[in-house]
Amino acid sequence: NYLKNVKLENQTSEAIGYLASIDSINKVNPLVASSILNELQDQRSNLKLIASENFSSLPVQLAMGNLLTDKYSEGFAHHRFYEGCKNVDIIEEEANNQAKKLFNAEHAYVQPHSGSDANLVAFWSILVQKIQNKEIEKLNKKSLMQLTEEEYEKVRQLLVNQKVLGMSLNSGGHLSHGYRMNMSSKMMRAYSYDVDKETNVLDYKKLLERAKEVKPLIFLAGYSAYPKKLNFRKLKEIADSVGAVFMVDMAHFSGLVAGGVFEGEYNPMPYADIVTSTTHKTLRGPRGGMILCKKEFSETVDKGCPIVLGGPIPNIMAAKAVALKEANSESFKTYAHQIVKNAKALAESLMKKGMSILTGGTENHLIMLDVFKSFNLNGKQAEFALRSCGITANRNSLPFDQKGAWYTSGVRIGTPAITTLGMKEEQMEIIAEVIYETLKNAKETTKAKAEVQENILNKNREKIKNLLDKFMLYPDLIIN
């Protein structure tokens, strides 16, 4: 019904293309078409504060919906195992070039389907480059395929017994950094490091001691729930002191690197041997991953297929090329700086109201709110209450969280998406007020839910509605 009586004369070409695609879907599967439009309405009606989400442009979205999805293109640009990949070559090379320009990287690889895939490719590239190839040389063979079964088993055992040292999930790291339930800890011997128990901040001296104790092959930096910048010069020194390959997962903050917010010692590119990232989050592209690396690792990284990946997804690489071109602009730099300004303003407003914020604020795009200490709620109750008043956020465990990873003591709040909508510091005060009023009045009903009085909910919903009416998602996209 959303498309009924839509008038196209006042729509942009992007909007017309978007609506036409949904109309085509509707003719085949109305349930899917209506769900897409319902999601648009849902995101126009709820304030997105999930730190790992954003809004990609309509051109980025439209680049994903075309016949490129029908192409098999195993290999990499100009080196395929299928004929007829000339146009895919052009697109992948363009995405790689835009990534290299944006991050001042020696080499780029945009095939990974996700950030976790990018990490797996990076891990195996390091293992192949640093362990497998050297062992093959020692055995006087030219390739892995020439090894006998006994020789291959010896090499395989060496690969799975290498050590990786990454930030623990408990302290704000990511599942793919060595969490026991993740593949990263099954393909290698995984060790972790934590933030300081008193400050919740990384102690680089203690981290050096931990690295010397473990002596990993891979020293991994990066986070999904840590509100501070990382000093990559210090981290590189730690990696070098134990002879480790220095790998950085900048999935969460790659847009802040691209936009020039993280500079000097806080930019991983001059220091890391290999860098992984998603292409969404702060980078504002399609869901996917990429790898940036020194030339030393380029040959093995380009063999992500067949090492880890299946065939590339050309339509997603096309969307990455569009998004990376968008990020190579002055307007994106302005946007990236505003993300952090908004996060700092929101954190300050929350703290002024007496709420407990991890590390006393933020230096990046995310805020960790201790809802148990502030309101005697668990994270699941808090996110339920916030959603009921029109705010979408996600619960997140805090360091050494006694409530575990399901219920948690915290809520993670991020500003990338609301900054894309055009909001600034003034709006952060309104958002902080809604968060405070909602959670202060939230009453536990079950272990997973908390309710707020209807009059308070209505008042807060109206505030959120006024914000979203003023800062509409895709204002050029006009539907009934």
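Is Cys 85 buried or exposed? Select Cys 85 and have a look: Cys 85 is buried, with a relative accessible area of 4%. Before going further, keep in mind that what you have open is a predicted model.

**Stop 1: two cysteines**

Leave Cys 85 selected and add Cys 305. This second cysteine also counts as buried, at 10% relative accessibility. Are they bonded? Remember that a disulfide is a covalent bond between the sulfur atoms of two cysteines. To be counted here, the two sulfur atoms must be within 2.5 Å. By that rule the count comes to 0 disulfides. Cys 85 is in none, and its nearest cysteine sulfur, the one in Cys 305, sits 11 Å away. Seen from the other end, the closest cysteine sulfur to that of Cys 305 is in Cys 85, and 11 Å is too far for a bond.

**Stop 2: a serine in a loop**

Now go to Ser 176, in the loop that runs between β5 (163–167) and α7 (184–187). Ser 176 counts as buried, with 4% relative accessibility. Show its side chain together with that of Asn 119, and you'll find a polar contact of 2.8 Å joining the two. Then bring up the rest of the company: setting aside neighbours within four places in sequence, Ser 176 is in contact with Ser 116, Asn 119, Phe 123, Asn 182, Ser 184 and Asp 249.

**Stop 3: helix α16**

Select residues 379–388, which make up helix α16. Because 7 of its 10 residues are buried, α16 is largely enclosed by the rest of the structure. Colour the buried ones if you like: Gly 379, Lys 380, Gln 381, Ala 382, Glu 383, Ala 385 and Leu 386.

Next, zoom in on the N-terminal end of α16. Asn 378 caps it, with a side-chain oxygen 3.0 Å from the backbone nitrogen of Lys 380. Then slide along to the other side: just after α16 comes Gly 390, which takes a positive phi of about 100°.

**Stop 4: strand β13**

A little further along the chain, pick Asn 394, which belongs to strand β13 (residues 394–396). Asn 394 is buried, with a relative accessible area of 16%. Which residues does Asn 394 contact, leaving aside its neighbours within four places in sequence? They are Ile 50, Ala 51, Glu 383, Val 411 and Arg 412. You've met Glu 383 already, as one of the buried residues of α16.

**Stop 5: the second largest pocket**

Stay around here and select Leu 169, Arg 395, Asn 396, Ser 397 and Ala 405. Of the 22 residues lining the second largest pocket, these lie nearest its centre. The elements giving two or more residues to this lining are β13 and α17 (404–407). The space inside comes to about 560 Å³. As for its lining, 7 residues are nonpolar, 10 polar and 5 charged.

**Stop 6: the largest pocket**

For the last stop, select Tyr 18, Ser 56, Gln 61, Met 64 and Tyr 474. They lie nearest the centre of the largest pocket, which is lined by 26 residues. How much space lies in the largest pocket? About 730 Å³. Highlight α1 (13–28), α2 (30–45) and α3 (58–64) as well, since each of these helices supplies at least two lining residues. If you colour the lining by type, you'll get 11 nonpolar, 9 polar and 6 charged residues.

Terms used: Residues numbered from 1 in each chain as written. Predicted model: local features only at pLDDT ≥ 70, side-chain atom pairs only at ≥ 80, totals over all residues. Heavy atoms only, no water. Buried < 20%, exposed > 50% of the residue type's maximum accessible area, 1.4 Å probe, protein only. Helix = DSSP H or I, 4+ residues; strand = E, 2+ residues; numbered from the N terminus. Polar contact = N/O pair within 3.5 Å; in protein donor to acceptor, adjacent residues only side chain to side chain. Contact = heavy atoms within 4.5 Å. 1 Å grid on protein atoms, 1.4 Å probe; cavity = no way out; pocket = protein on both sides within 12 Å on 5 of 7 lines; lining within 4 Å. Points joined across faces, edges and corners; volume = space filled by probe spheres on them. Nonpolar A, V, L, I, M, F, W, Y, C, P; charged D, E, K, R; others polar.
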